[in-house]
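Reader: Could you take me through a few features of this structure, slowly, with the general idea before each case?

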Amino acid sequence: MICEYKGKHPQIDSTAYIAEDAVVTGDVAIGSYASIWFKTVVRGDVAPVKIGSEVNIQDLSMLHQSPNQPLIIEDGVTVGHQVTLHSAHIKRDALIGMGSLILDGAEIGEQAFIGAGSLVPPGKVIPPRTLAFGRPAKVVRKLNEEDYKELDRILTTYVEKGQIYKQLRQES
């Protein structure tokens, strides 16, 4: 479901894939080749949500915000299944692991990897190119070449998969 809220209608690039049972409402911008997966909710009814190009927001995730605190997701970000993002800033090519919560004012650095089930508390900054894990999340190490390959593999897979699902919908 894609719908307007108080005169604000989502701006979605024509190449993006939005699952039919996802909800996207209000002041939301979604970039090229992004994908919003099954049962995901993206509510731009309090502040803006900006989702960059080639971002994938996987199944059952929830994106929202607090007043005057937008949610910004830069290009190339992977957001795993059942993630909650709330008024945070996720920088380019980062990965948020399944079941994680990223709260108001948190900043996830470029190419950072947040381990599954982590909690990034309000205002916490995770440095670029690090692995952070836990509740609360703490940096455990710098990323290595194998990590970067895995980040790229996941991103590429979801860009391709989103386009396949988009084509299947158009054919049916």
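**T25 and its strand**

Author: The side chain of T25 comes within reach of the backbone oxygen of C3, at 3.2 Å; a polar contact is a pair of N or O atoms within 3.5 Å, where within protein one must be able to donate a hydrogen and the other to accept it, and residues adjacent in sequence count only if both atoms are side-chain atoms. This is a predicted model, in which local features need pLDDT of at least 70 and side-chain atom pairs count only at pLDDT 80 or more, while totals for chains, interfaces and linings use all residues. Residues are numbered from 1 along each chain as its sequence is written, and side-chain values use heavy atoms, with hydrogens and water left out.

Reader: Does T25 count as buried or exposed?

Author: Buried means under 20% relative accessible area, exposed over 50%, and partly exposed in between (1.4 Å probe, protein chains only). T25 counts as buried because its relative accessibility is 8%.

Reader: In which strand does T25 lie, and which strands pair with that strand in the parallel sense?

Author: Strands of a sheet pair through backbone hydrogen bonds, either parallel or antiparallel. Strands here are DSSP runs (E, at least two residues), numbered from the N terminus, and two strands pair if DSSP finds at least two bridges between them. T25 belongs to β4, residues 23–30, where 6 of the 8 residues are buried. β4 pairs in parallel with β1 (residues 2–3) over 2 bridges, with β2 (residues 11–12) over 2 bridges, and with β6 (residues 41–51) over 7 bridges. I30 has I12 as a bridge partner and I51 in β6 as another.

Notes:
Helix = DSSP H or I, 4+ residues; strand = E, 2+ residues; numbered from the N terminus.
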